[in-house]
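This report describes the fold of a single protein chain and then turns to one of its helices.

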Amino acid sequence: MVFQSGFCRQRRHGCGLLGPEDHIVSDELNHASIIDGCRLSKAKIHVFPHKDAAAAEKILADLDSSPGASC
């Protein structure tokens with residue numbers, strides 16, 4: 001599939017691949033097109049401070065240990 005811009009690709013993939021039962025872990029300084037794609041997907045969005053790998057790992061660990069987490 002070919003898209004005319006990165007913006008179109010982000011919007012399409014965010015909506016098509018993820019849904020309300022999914023989680024997105026996102027850097028706070030992601031481009032607006034990525035943020036729009038995340039919002040349109042209706043997935044739960046978890047934002048971490050820019051380039052803070054430890055904070056991203058903590059979000060992932062919390063999600064992994066939350067009730068109902070699956071492999």
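## Fold and the packing of helix α3

In sequence order, the elements of the protein chain are arranged as α-β-α-β-α, which amounts to 3 helices and 2 strands. The model is predicted.

Of the 71 residues in the protein chain, 21% are buried. The chain exposes about 5,200 Å², and 57% of this area is supplied by carbon and sulfur atoms. Where contacts link residues at least 6 apart in sequence, 26% of them join residues at least 24 apart.

Helix α3 covers residues 53-65. Its 13 residues, at 1.5 Å a residue, should span 18 Å, and this agrees with the end C-alpha atoms, which are 18 Å apart.

Which residues of α3 are buried? They are A55, A56 and I59. Viewed down the axis of α3, these buried residues fall within an arc of 105 degrees and therefore line one face of the helix. In general, an α-helix has 3.6 residues a turn, so residues three or four places apart point the same way.

The buried residues of α3 pack against both β1 (23-27) and β2 (44-48). The face turned away from this buried side carries the exposed residues A54, E57, K58, D64 and S65.

The two sets of α3 residues are set out below.

| Set in α3 | Residues |
|---|---|
| Buried residues of α3 | A55, A56, I59 |
| Exposed residues of α3, on the face turned away from the buried side | A54, E57, K58, D64, S65 |

Key
Residues numbered from 1 in each chain as written. Predicted model: local features only at pLDDT ≥ 70, side-chain atom pairs only at ≥ 80, totals over all residues. Heavy atoms only, no water. Helix = DSSP H or I, 4+ residues; strand = E, 2+ residues; numbered from the N terminus. Buried < 20%, exposed > 50% of the residue type's maximum accessible area, 1.4 Å probe, protein only. Contact = heavy atoms within 4.5 Å. Areas by Shrake-Rupley, 256 points an atom, 1.4 Å probe, with all protein chains shown as cover. Expected span 1.5 Å × (residues − 1). Arc of directions from axis to C-beta.
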